[in-house]
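This briefing concerns the structure displayed below. Its topics are a sheet, two helix pairs and a contact between chains.

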Amino acid sequence: MNAMNQSEFRQDIAPGETLLAVDNVTLRFGGVKAITDVSFDIRKGEVRAIIGPNGAGKTSMLNVINGFYHPQEGRITYRGQTRSKMRPHVAASQGIARTFQNVALFKGMTTLDNIMVGRTLKMRTPFFWHLFRHGPAMREEIEHRKFVEEIIDFLEIEHIRKVPVGKLPYGLQKRVELGRALAMQPELLLLDEPMAGMNLEEKEDMCRFILDTKDQYGTTIALIEHDMGVVMDLSDRVVVLEYGQKIADGTPDEVKKNQKVIDAYLGVAH
Amino acid sequence: MFYREAGQYKKTYSADMAVFPILQDRIGIGLILATAAIIIPIFGSNFFISTVMIPFLVFSLAAMGLNIVTGYTGLISLGTGAFMGVGAFACYKLTTYFPNVNIIIWILASGVFSAAIGALFGLPSLRIKGFYLAVATLAAQFFLEWCFVRVPWLFNYNASGAIEVPQRTLFGVAITGANATPTTRYLVLLGIVVLMTWVASNILHGRIGRTFMAVRDMDIAAELMGIRLLPAKLTAFAMSSFYCGVAGACMMFLWYGGGEASDAFNINQSFNILFMVIIGGLGSLIGCFFGAALLNIVPIILKFGLPAMGLPLAGATAEHINHLFVGSLIIFFLIVEPHGLARLWQITKQKLRTWPFPY
């Protein structure tokens with residue numbers, strides 16, 4: 001942490017207050033500018049959608065937020081703490097969880113084990129007890145298993161509890177991935193195209209889970225999605241990116257009427 | 001029909017999380033342990049115990065070590081032989097300096113030295129993966145092998161350059177050295193292997209095992225779950241080398257009874273154990289035993305079994321046939337069942353569960 005990041009890390013943020021603010025972030029890969037001078041904020045308890053055409057820099061934005069990419073310029077303020085770069089595991093320990101566009105589950109492990117991995121940060125028993133799998137190690141394991149079972153119940157995936165996730169159909173894999181992120185009890189949940197490649201029924205299920213997550217756990221959600229119907233229904237506010245630049249920001253209704261957004265999506269005659 | 005979990009209800013999470021949740025499995029393990037601990041020592045001939053069972057147990061332990069790092073964590077290591085050697089030499093030095101401490105303690109403690117060396121050579125694993133990591137561990141193999149031959153302090157300045165295993169006793173019975181009978185050595189080894197398998201199973205079923213597998217399956221996502229990759233990978237290397245080190249110490253003290261390290265812990269040994277892990281099944285503890293059994297027993301059958309049946313096989317021919325067989329076996333498994341014998345065992349269990357119905 002450099003001198004700039006001395007500001008206080010806040011544990012409690014009231015709903016409606018700014019949870020995460022992105023200020024003038026620019027991300028370059030050599031000569032390619034993936035993100036140019038983008039600023040927006042995410043308030044606690046809201047569903048914030050990030051949309052834009054392919055290659056607009058949406059996923060790069062998420063990667064910047066959870067520390068995979070380090071932007072060349074700009075700052076990110078999370079819970080009152082300003083930073084310019086961060087390691088992913090630190091982001092995880094501060095309550096940022098995420099799912100991936102192309103499912104990034106642990107394919108050789110069962111659904112249960114995958115979600116249990118999400119609890120890793122909450123587990124504290126020293127190595128010694130794990131040699132015996134008794135005493136504190138087992139108590140901790142059971143305690144977290146109870147929590148994981150609640151998530152399994154919440155996501156309605158009881159029947160695939162002990163199935164290796166590599167064998168599951170795509171829609172269920174996406175659901176397990178959401179479960180794994182929820183197991184971390186995140187403050188901020190980043191969802192990268194949670195509904196890509198799903199049929200209507202699966203999409204509706206996923207929408208229900210996202211809204212329930214917000215209501216039940218009070219999780220703040222940043223969502224990238226291409227299905228405009230879903231985005232407009234689910235999100236409280238939308239930020240629109242095109243070619244790495246922010247072209248619109250506001251409620252779904254405002255964004256829908258924005259001429260630049262319409263041009264970006266429908267194309268414009270030159 | 002007989003192997004079925006129907007009617008065995010799990011009422012607690014701890015019952016559901018047991019390593020052997022099915023009653024028949026627990027009975028099976030009990031029978032195997034009873035056979036190994038009682039029937040084999042009583043009825044097994046010295047020849048059977050010293051040429052089949054002791055090598056089998058030593059190799060199982062070494063394969064378990066390699067499986068932790070390669071099968072569970074997904075990091076290829078070709079330094080197994082060298083890490084075994086570190087264990088053997090550490091045990092030798094420890095027991096020469098402190099002859100009064102029980103040898104079993106030193107055999108287990110020698111793993112600590114091996115773990116430290118293993119973690120050191122595991123450092124490159126943060127940056128490099130796959131074949132490149134294999135090459136980096138190969139460096140460990142060559143460097144340590146060089147040390148075993150060139151650093152005379154390690155073998156107490158013997159003129160022969162070999163480890164000379166001294167006689168050590170447990171409750172007044174010789175368990176190492178020339179006077180130890182194969183049966184006592186076998187029983188000591190069996191105790192060590194059972195203990196270490198139990199511990200490995202405990203670790204791999206808990207948080208640490210899940211961390212290893214998460215790193216293996218998708219390291220980016222693992223990092224995002226708050227798993228720090230370097231400590232996770234180094235733990236895997238250290239734990240793996242610990243097992244290899246103990247296996248090496250057992251090999252020298254309970255099997256060979258002394259010998260030249262350059263023969264026992266060379267690159268061939270590393271590959272041999274890698275083959276056991278691949279054929280047995282990556283990421284499976286029982287696979288280690290299957291792999292060790294197959295690659296250990298097949299040569300013995302070729303060497304002693306065929307001549308006994310009247311097929312004359314000279315020593316060299318048996319050796320060549322052995323190589324041919326092992327080679328084709330590896331190709332066969334890589335094509336047909338990449339998950340090895342352990343997966344075949346799983347499929348068999350699944351079939352048994354539903355038998356006589358198709359599903």
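How many bridges join E9(A) to E10(A), and do these strands run parallel or antiparallel? E9(A) and E10(A) run antiparallel and are joined by 5 bridges. The model is predicted: local features need pLDDT of at least 70, side-chain atom pairs count only at pLDDT 80 or more, and totals for chains, interfaces and linings use all residues. Residues are numbered from 1 along each chain as its sequence is written, while chains are lettered from A and ligands numbered from 1 in the order in which they are written. Helices (H or I, at least four residues) and strands (E, at least two) are DSSP runs, numbered from the N terminus.

**Sheet of chain A**

- An open sheet of 6 strands in chain A follows the order E6-E7-E8-E3-E9-E10, and its pairing is mixed; two strands pair if DSSP finds at least two bridges between them.
- Strand E6 (96-99) and strand E10 (245-250) of chain A are the edge strands, each pairing on one side only.
- Direction ignored, neighbouring strands of this sheet are turned by 15° against each other on average; angles run from 0 to 180 degrees between N-to-C directions, and axes are lines fitted to C-alpha atoms, for helices over the stretch in contact.
- E6(A) pairs with strand E7 (residues 188-192) of chain A in the parallel sense, over 4 bridges, and Arg98(A) has Leu190(A) in E7(A) as its bridge partner.
- Helix H6 (residues 170-183) of chain A packs on the sheet, where it touches E6 and E7 of chain A, and its direction makes about 175° with that of E6(A).
- Helix H10 (residues 259-266) of chain A also packs on the sheet, touching strand E9 (237-242) and E10 of chain A, with a direction at about 125° to that of E10(A).
- At the E9(A) and E10(A) pairing, Glu242(A) stands opposite Gln245(A) in E10(A).
- The hairpin of E9(A) and E10(A) has 2 residues between the strands, and Tyr243(A) takes a positive phi near 45° there.

**Helix pair in chain A**

- Helix H5 (residues 136-154) of chain A and H6(A) cross at roughly 140°, and their axes come within 10 Å.
- H5(A) is therefore oblique to H6(A); angles under 35 degrees count as roughly parallel, over 145 as roughly antiparallel, 65 to 115 as roughly perpendicular and the rest as oblique.
- Val148(A), Ile151(A) and Ile152(A) in H5(A) meet Gly179(A), Leu182(A) and Ala183(A) in H6(A); residues are in contact if their C-beta atoms, placed from the backbone, lie within 7 Å.
- This contact of H5(A) with H6(A) has 5 nonpolar, 1 polar and no charged residues; Ala, Val, Leu, Ile, Met, Phe, Trp, Tyr, Cys and Pro count as nonpolar, Asp, Glu, Lys and Arg as charged, and the others, Gly among them, as polar.

**Helix pair in chain B**

- Helix H4 (residues 80-97) and helix H10 (residues 229-256) of chain B pack with their axes 6 Å apart, at an angle of about 60°.
- H4(B) and H10(B) are therefore oblique to each other.
- Among the residues that meet are Gly85(B), Gly87(B) and Ala88(B) in H4(B), and Gly245(B), Gly248(B) and Ala249(B) in H10(B).
- The contact of H4(B) with H10(B) comprises 13 nonpolar, 6 polar and no charged residues.

**Contact between the chains**

- Chain A gives 29 residues to the contact, and chain B gives 25 residues.
- H8(B) supplies 7 residues, the largest share of the side of chain B that touches chain A.
- That side of chain B divides into 13 nonpolar, 7 polar and 5 charged residues.

Technical notes: Two residues are in contact if their C-beta atoms, placed from the backbone, lie within 7 Å.
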